[in-house]
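Open your viewer, switch on side chains, and get your selection tool ready. This tour goes from stop to stop, telling you what to pick and what you will find there.

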Amino acid sequence: SIASTFVKGKDYGAGFEFDMGLINTPFDLPNFRCENGQAEAHVRIGWYRSVANIYHAFASNVFADELAATAKKDALQFRLDMIGKDRIIESNSPFKQDTKRLKNVLNIAAKNAHWGETLPKGHGMGLAVHYSFYTYTASVIEVSVINNKLKVHNIHTALDCGLAVNTNTVKSQFEGAAVFGLSLSFYGKITAKNGAIEQSNFDDYKMLRMPELPNIDVEIVQSNNPATGVGEPGVPVIAPALINAIFNATRKRYRSLPLSDFDLV
């Protein structure tokens, strides 16, 4: 928990962390149970872009894909079925999650990516959808894995952030979020030795380089709803969409990151 930075001995997740994509899941489930395991923080923890939404979106979207594959169902339709009928999810927030808007961005991203069309051998597409900072976001990623080497070709993202005043800034935020999300998926790892973090700068903590960048397409849903967040909601969908794309290209499922641990990049 981030609270461990401020409270000594705080080794259980704080309540607000579970509001970030876990207990407000859009899936229409008749029963829901959430357990909080003890996890001691051995180093000081700082804020990360999109905070707890990163791992909640990863878990829910990758597991949803595993369920779809097991059921032999299309991953897009499976998501739409899991979200269910149009409804407003009640919460203490002034912004109520609207599943119709969530399904809309998912359908737009899939349409822009030509979801369902036949791809070349060794290619695969994966998708993810998430609601964070009151914004609805979906991404579809196309990859190829040839000779065990991963290449990301395209990212199609759709978002509904309510009224978008400066669309250039919104688009830039989501393009940057795609690069950030790929960087953490490929290389996001630090190690400690003798009580100190070993990485000190970008020479030994790798980030995505320009030759590794895919084409990034961003569509903003036109809306007169109240304006919501754009700085962080683009990140959580990237890693799970990538993992799901790799599975569809290789039939191999990766449940941990970074992918550099598996010599894919």
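What follows is a walk through salt bridges, aromatic pairs, charges over rings and a surface patch.

Keep in mind as you go that this is a predicted model.

**Stop 1: the salt bridges**

How many salt bridges does the count come to? The count is seven, and we will visit some of them.

Begin by selecting arginine 79 and aspartate 65. These two form a salt bridge, with the closest N and O atoms 2.9 Å apart. Colour by secondary structure and you will see that the pair links distant parts of the chain: arginine 79 belongs to helix α3 (residues 75-83), while aspartate 65 belongs to helix α2 (residues 53-70), 14 residues apart. Are these partners buried or exposed? Arginine 79 and aspartate 65 are both buried.

Stay on helix α2 and select glutamate 66 together with arginine 255. Here is another salt bridge, its closest N and O atoms lying 3.0 Å apart. This pair also links distant parts of the chain, since glutamate 66 is in helix α2 and arginine 255 is in the segment after α6 (238-250), 189 residues apart. The two ends have contrasting surroundings: glutamate 66 has 17% relative accessibility and so counts as buried, being under the 20% cut-off. Arginine 255, at 59%, is over the 50% cut-off and therefore counts as exposed. Add arginine 253 to your selection, and you have a network of salt bridges linking Glu66, Arg253 and Arg255.

Now jump to aspartate 86 and lysine 103. Their salt bridge has its closest N and O atoms 2.7 Å apart. Aspartate 86 lies in the loop between α3 and β1 (88-89) and lysine 103 lies in helix α4 (residues 99-112), so the pair ties together parts that are 17 residues apart in sequence. Try a surface view on this pair: aspartate 86 is partly exposed, with a relative accessible area of 43%, whereas lysine 103 is buried at 14%.

**Stop 2: the aromatic pairs**

The structure holds five aromatic pairs. Select phenylalanine 95 and tyrosine 134 for one of them. Their ring centres are 4.6 Å apart and their planes meet at 25°, so this pair is stacked. Phenylalanine 95 sits in the loop between β1 and β2 (97-98), and tyrosine 134 in the loop between β3 (123-132) and β4 (135-146), so the pair ties together parts 39 residues apart in sequence. Phenylalanine 95 counts as partly exposed at 27% relative accessibility, and tyrosine 134 counts as partly exposed at 35%.

Next, pick phenylalanine 186 and tyrosine 187. With ring centres 5.7 Å apart and planes at 80°, this pair is edge-to-face. Both phenylalanine 186 and tyrosine 187 are buried.

**Stop 3: charges over rings**

Go back to arginine 253, which you met in the salt-bridge network with Glu66 and Arg255, and add phenylalanine 247. The charged end of arginine 253 sits over the ring of phenylalanine 247, 4.0 Å from its centre. For another example, select arginine 49 and phenylalanine 180: arginine 49 lies over the face of phenylalanine 180, at 5.5 Å from the ring centre.

**Stop 4: a surface patch**

Finish with the surface on. Which residues make up the nonpolar patch? Select Phe6, Val7, Phe16 and Trp47, which make a nonpolar surface patch of about 460 Å². Within it, valine 7 is found in the segment before α1 (15-18). Valine 7 counts as partly exposed, at 43% relative accessibility.

Definitions and conventions:
Residues are numbered from 1 along each chain as its sequence is written. This is a predicted model: local features need pLDDT of at least 70, side-chain atom pairs count only at pLDDT 80 or more; totals for chains, interfaces and linings use all residues. Side-chain values use heavy atoms; hydrogens and water are left out. A salt bridge is a side-chain nitrogen of Lys or Arg within 4 Å of a carboxyl oxygen of Asp or Glu. Helices (H or I, at least four residues) and strands (E, at least two) are DSSP runs, numbered from the N terminus. Buried means under 20% relative accessible area, exposed over 50%, partly exposed in between (1.4 Å probe, protein chains only). Rings of Phe, Tyr and Trp (its six-membered ring) pair if their centres lie within 6.5 Å; planes under 30 degrees apart count as stacked, over 60 as edge-to-face and the rest as tilted. A charge sits over a ring if NZ of Lys or CZ of Arg is within 6 Å of the ring centre and within 35 degrees of the ring normal. Patches are made of residues with over 30% relative accessible area and no salt bridge: like charges are joined within 9 Å, nonpolar side chains (Val, Leu, Ile, Met, Phe, Trp, Tyr) within 5 Å. Accessible areas come from the Shrake-Rupley method with a 1.4 Å probe; for residues, only the protein chains shown count as cover.
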